[in-house]
Structures are given as structure tokens and as C-alpha cells.
Amino acid sequence: MRRRSKIDKKILDGFLTRETSFLMAEEVKALVGTMRISVEQLVEQLLPWAAEKAIVPASRFKVGAVSRGSSGNLYLGANIEFKDMPVYTTIHAEQASIANAVSHGETGIKALSVTAPPCGMCRQFLSELNTSAEMKIQVGNTEAVLLPQLLPRGFGPDNLDVRFKLMDEVSKGFSFKNPTDDELANKALEAANKSHSPYTLSHAGIAVKTRNGQTFIGHYLENAAYNPSMLPLQAGLSNLVMAGRNFAEISDVVLVHGQDASVNHVEAAQSLLRSISSVPLRVYKAE
Ligand SMILES: [Zn+2]
């Protein structure tokens, strides 16, 4: 048994790179076939890879998460702390994994594995998902439990009579009054259109470009309890880090928000961006 797990690790080591932030369903199928393991065992082996992506200047406590999408894809997540910034800017591994899945167009999460028990905020954050009632949560290699077991009598979209849940495919229909050929702005607009803000109707999206030409999008992912919401820049930066890039590589950032948003996305994004980059935030309004 010990011998086989060594071989398994070698196959995985040869497959994964620093840039690997998610695995397509076909890759998952091929890997479990070659390694002769279950998807659950593959996820278990991916967790330390995910945790290695963590940026933890304050806590030194790395957390890794892997979520399993309805498509069969697997999405990595890790916690990110921002040096010299308030603790509430911290991104948790579970949030990073979900933001990663959303940015790849995933429409549901079947299960989420994480290296440490999900904190109260993450349980609340996950309860916003369209699959929250049936999604399984697994801590390390312990037995999986359903999310409602971790958050009994929770407060969620149903308590506010909100029909649309996080990851439901509903385009918000935002567009620019004056269409632009600014590629990054159009990507941020697309992210705003897929953002989730059923409570405050403050849809917003971000697009972050790195010097090597890659673009990372981030969606505003609002929560019924407000505070656990994920800001668009948090999501964009998280996706950038998961893909093996770093903040010093950022060359351009565009935020797009709806005209009548009651939440001020601009100041939060400016303040967070200033803490990691000298690149200015470009802002577009959509209607
Ligand atoms: Zn958490």
C-alpha cells in the first residue's frame, strides 16, 4: 500500500505544475484511471498542493481546499492574507476554491474538501450556493458530511425569499452606455454580468491583467449575511494566485460596477489594490 502511494505521488508530481489551479473532468478521469484511485483519493492528494499556494504573512497557517464541480472539474483554493491590511480582507481557502470555480463557469458544487474544519464564515459563505443542501464537506480524510449538518438552522437566501442562488446561471444584462474596445473592461463587464448580488443589487466584476498577458476575472459573490461576501478584487486576486502568478506581475486592473449599486466597490478595491500594487484601478460603470 505504501509502495503504491509513492508511485501515485510521482504521477501527480509529473502532472501538476505551479500554474495548475484546476483540473478538467477529462484530466480527473485520466488521472484516477492511471493512478488506480478514486476521485476522493485524488482530491485528498491535491489538498497539500492547494495549501502550498497559500499566502499567510500573518497567521503562518496554510489551508488548502478542493471543490468538485457538477461538471466533474476540480478547483483548487488556498487562504490569502494581505500584509498590513485589516483581517477582514483575508480570503479563506474555501472562498478561493469557489471563486476559482465561478470564474471557470462552473454551475454547481457537489463536494468540497479542505485541510482544516471550515470556519463559521465559510459555512455561511457556502450556504449561498445553489447546491448547498446536498453538497458534501470533507475535512482531510475524515468522513464527509452534508453542509446543513455543519450549519444547522442556518440563515440563507430562503430566509430572505431570494430565488437565485450562487452559481445559478442568470445574466444581469449590464452593458456600457458607450461600448468600448477596451478588452479588459469588457472582461470585467462579463464578470459583473455573472456576479451574484441578489440582496443589494450591487453587481460588479473585475479583470486583472498580468505582464505575461494573462487575464484573471473576479466576481462579486454576495452573501445573505453580507459580511462573508467575497469582493470582486478578492476573487480576481485569488484566481491569479491559484494560477501560480504573483501580485508583482499585475499590469492592469479594471473594475466594472452597476450604476445604481448601493455597495461601494470602488473604495474597497482601491484600498486592497494599493496594498499589493502601484497599478491604479480603472473603473467603469455599467447600466
Ligand atoms: Zn473559513
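**How the labels are earned**

Reader: What makes both faces of β3 count as covered?

Author: Look at the two sides of the strand in turn: Leu-74, Leu-76 and Ala-78 lie on one side, Tyr-75 and Gly-77 on the other, and all of them are buried. A residue earns the word "buried" when 20 or more other C-beta atoms lie within 10 Å of its own. Five of the five residues of β3 are buried, and the strand is therefore called mostly covered. Keep in mind that this is a predicted model. The split into two sides fits a general habit: in a regular strand the side chains alternate between the two faces of the sheet.

Reader: How do you know that β2 and β3 are joined, and how do they run?

Author: Two strands pair if there are at least two bridges between them. Strand β2 (residues 64-69) has five bridges to β3, so the pair passes, and the two run antiparallel. One example you can look up is Gly-64, whose bridge partner in β3 is Ala-78. These two strands form a hairpin with four residues between them, and Gly-72 in the turn has a positive phi of about 100°.

Reader: How many bridges join β1 to β3, and is that enough to call them a pair?

Author: Two bridges join β1 (residues 22-23) to β3, and the cut-off is at least two, so they do count as a pair. They run antiparallel, with Leu-23 opposite Leu-74 in β3.

Reader: What is notable about the phi of Asp-84?

Author: Asp-84 has a positive phi of about 60° although it is not a glycine. Most residues other than glycine have a negative phi. You will find Asp-84 in the loop between β3 (74-78) and α4 (93-103). Met-167 is another such residue, with a positive phi near 90°, and it sits in the loop between α6 (147-150) and α7.

Reader: Is Asp-84 buried or exposed, and how do you know?

Author: Count the neighbours: Asp-84 has 8 other C-beta atoms within 10 Å, and with 12 or fewer a residue is called exposed, so Asp-84 is exposed.

Reader: Is Met-167 buried or exposed?

Author: Met-167 has 24 C-beta neighbours inside 10 Å, and the mark for buried is 20 or more, so Met-167 is buried.

Reader: Which label does Lys-172 get, and why?

Author: Lys-172 has 16 other C-beta atoms within 10 Å, which falls between 12 and 20, so it is called partly exposed. Lys-172 is in the loop between α6 and α7. Leaving aside neighbours within four places in sequence, it is in contact with Ala-192, Asn-193 and His-203.

Reader: Why are β8 and β10 said to stand at the edges?

Author: The sheet is open, and its four strands come in the order β8-β7-β9-β10, with mixed pairing. β8 (215-219) and β10 (281-286) each have a single partner strand, so one side of each is left without a neighbour in the sheet. On average, neighbouring strands here are turned by 20° against each other, direction ignored.

Reader: What makes the pairing in this sheet mixed?

Author: Compare two of its pairs. Five bridges join β7 (residues 204-210) to β8, and these strands run antiparallel; within that pair, Gly-205 has His-219 as its bridge partner. Six bridges join β9 to β10, which run parallel, and there Val-253 is partnered with Leu-281. The sheet holds both kinds.

Reader: Which helices pack on this sheet?

Author: Helix α7 (residues 183-193) lies across β7, β8, β9 (250-258) and β10, at about 140° to β7. Helix α8 (residues 232-242) touches β7, β8 and β9, and its direction makes about 140° with that of β8.

Reader: Which elements make the right-handed β-α-β unit?

Author: They are β9, helix α9 (residues 265-274) and β10. The name "right-handed" is used because, with the strands pointing away from you, the path from the first strand over the helix to the second runs clockwise.

Reader: How do you know that domain 1 is in contact with domain 2?

Author: Domain 1 covers 15-154 and domain 2 covers 183-286. Residues are in contact when their C-beta atoms lie within 7 Å, and 24 residues of domain 1 are in contact with 20 residues of domain 2. On the domain 1 side, β3, α4 and α5 (120-126) each give two or more residues, and α4 gives the most, with six. That side divides into twelve nonpolar, seven polar and five charged residues.

Definitions and conventions
Residues are numbered from 1 along each chain as its sequence is written. This is a predicted model: local features need pLDDT of at least 70, side-chain atom pairs count only at pLDDT 80 or more; totals for chains, interfaces and linings use all residues. Axes are lines fitted to C-alpha atoms, for helices over the stretch in contact, and angles run from 0 to 180 degrees between N-to-C directions. Two residues are in contact if their C-beta atoms, placed from the backbone, lie within 7 Å. Domain bounds come from an automatic or database domain assignment. Ala, Val, Leu, Ile, Met, Phe, Trp, Tyr, Cys and Pro count as nonpolar, Asp, Glu, Lys and Arg as charged, and the others, Gly among them, as polar.
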